[in-house]
Amino acid sequence: MDALSLQHFLVLGAILFCLGLFCVLTRRNAIGILMGIELVLNSANLNYVAFARYNGGAYDGQIFAIFVIMLAAAEAAIGLAIVLGIYQGFETIDVEATDRLRG
Amino acid sequence: MTLTAVFYFLAAITVASGLGVVFTTNVVHSALALMGTLLGVAGMFVLLGADFLGVIQLLVYVGGILVLTLFAVMLTSRVDVRVSNRAVGRVPAAVVTLVVFTAMTRAITTATWVATAPGAPKPTVYGIGSAFLGSYVLPFEIASLVLLVALIGAVVVSRKEVKG
């Protein structure tokens, strides 16, 4: 096999991770921040599956990725519910504007 | 090599959509660009021989999480979709991101990876299923508990409070 090596996938994962990190750092919209977290989780999954593929084809990496996807689903449900709750209280989801703890 | 061409095609889709997620100002456009990234990663999974995982990615991410995100965007954008989506401190964030990226790529390119050449991809469903009911049965059950708690928690958190 060939030109396609493990490092290709790792570099792609690093690019995705950094895009997600930048998204989380710069966004003020709470939903945008959640999307950045999804990017980061996807990069981690890509690394898991790439390592699994280039280490004799064991299933452990893929199973870890399935668990990450499952937790991402739970995180998205809870996170978006919290965003909706914030919107009901503040009429905005700008994370800079939501600085009161008392409702 | 056709595999390499497929890799670069999928990587181009993934990175371009990722840039769209990060740099568009409209949240709806970001969510649609996120779909491109998720589809590209699903293609990468298939390219890596993880066919079951690619389908899971499509079902859970594109079919579930993305639709949920779009719902949340629609529910919270009564005022203006474009509002509150401007970047705050782009320069420090870019510096942090660049530092992290150079550290990661340096680690990736300089480390000696113990990688065995992969064989032909084989069906993974049987192996994953027996692993879930074999050595991973406890995390599997805990995962179902986590999902149940998340379900109840999401309902409790997003429910309108009844003042009474």
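Let us begin with two helices of chain A, in what is a predicted model. Helix H2, residues 30-53, and helix H3, residues 60-90, have axes that come within 9 Å of each other and cross at roughly 175°. Because of that angle, H2(A) is roughly antiparallel to H3(A). The residues that form this contact divide into 16 nonpolar, 4 polar and 2 charged.

If you follow the pairing on the structure, H2(A) contributes residues including A:Ala30, A:Ile31, A:Leu34, A:Glu38, A:Leu41 and A:Ala52. On the side of H3(A), the residues met include A:Gly61, A:Phe64, A:Ile69, A:Ala72, A:Glu75 and A:Val83. Please keep A:Glu38, A:Leu41, A:Ile69 and A:Ala72 in mind, each of them part of this helix contact.

Those four residues return when we turn to chain B. B:Tyr61 lies in helix H3 of chain B, residues 51-76. Leaving aside neighbours within four places in sequence, B:Tyr61 is in contact with A:Glu38, A:Leu41, A:Asn42, A:Ile69 and A:Ala72 of chain A, and with B:Leu38, B:Ile56 and B:Leu66 of its own chain. Is B:Tyr61 buried or exposed? B:Tyr61 is buried, with a relative accessible area of 0%. Its C-alpha atom is separated by 9.0 Å from that of B:Leu39, 22 residues apart along the chain.

A second residue of chain B that reaches chain A is B:Ile108, in helix H4, residues 90-110. Not counting residues up to four places away in sequence, B:Ile108 touches A:Gln7, A:Leu10, A:Val11 and A:Ala14, together with B:Trp113. B:Ile108 is also buried, at a relative accessible area of 9%. From B:Ile108 to B:Gly49, 59 residues apart in sequence, the C-alpha to C-alpha distance is 22 Å.

Let me now take the interface as a whole. How many residues of chain B are in contact with chain A? There are 84, and they are in contact with 69 residues of chain A. The two chains bury about 6,900 Å² between them, and 77% of that area is on carbon and sulfur atoms. B:Leu48, B:Thr76 and B:Pro118 supply 10% of the area that chain B buries against chain A, which is more than any other three residues.

For a contact set within chain B, consider B:Leu10, in helix H1, residues 2-23. Leaving aside neighbours within four places in sequence, B:Leu10 is in contact with B:Gly40, B:Gly43 and B:Met44. B:Leu10 is buried, with a relative accessible area of 12%. The C-alpha atoms of B:Leu10 and B:Gly36 are separated by 9.9 Å, with these positions 26 residues apart in the numbering sense of being 26 apart along the chain.

Finally, the cysteines. A disulfide is a covalent bond between the sulfur atoms of two cysteines. The structure holds 0 disulfides over all chains. A:Cys18 is in no disulfide, and the nearest cysteine sulfur, that of A:Cys23, is 13 Å away. Why is A:Cys23 not bonded to A:Cys18? The sulfur of A:Cys23 has its closest cysteine sulfur in A:Cys18, and 13 Å is too far for a bond, since a disulfide requires the two sulfur atoms to be within 2.5 Å. As for their surroundings, A:Cys18 is buried, with a relative accessible area of 6%, and A:Cys23 counts as buried at 1%.

Conventions
Residues numbered from 1 in each chain as written. Chains lettered and ligands numbered in written order. Predicted model: local features only at pLDDT ≥ 70, side-chain atom pairs only at ≥ 80, totals over all residues. Heavy atoms only, no water. Buried < 20%, exposed > 50% of the residue type's maximum accessible area, 1.4 Å probe, protein only. Axes fitted to C-alpha atoms, helices over the stretch in contact; angles between N-to-C directions. Helix = DSSP H or I, 4+ residues; strand = E, 2+ residues; numbered from the N terminus. Parallel < 35°, antiparallel > 145°, perpendicular 65-115°, else oblique. Contact = heavy atoms within 4.5 Å. Nonpolar A, V, L, I, M, F, W, Y, C, P; charged D, E, K, R; others polar. Buried area = accessible area lost by both parts, 1.4 Å probe.
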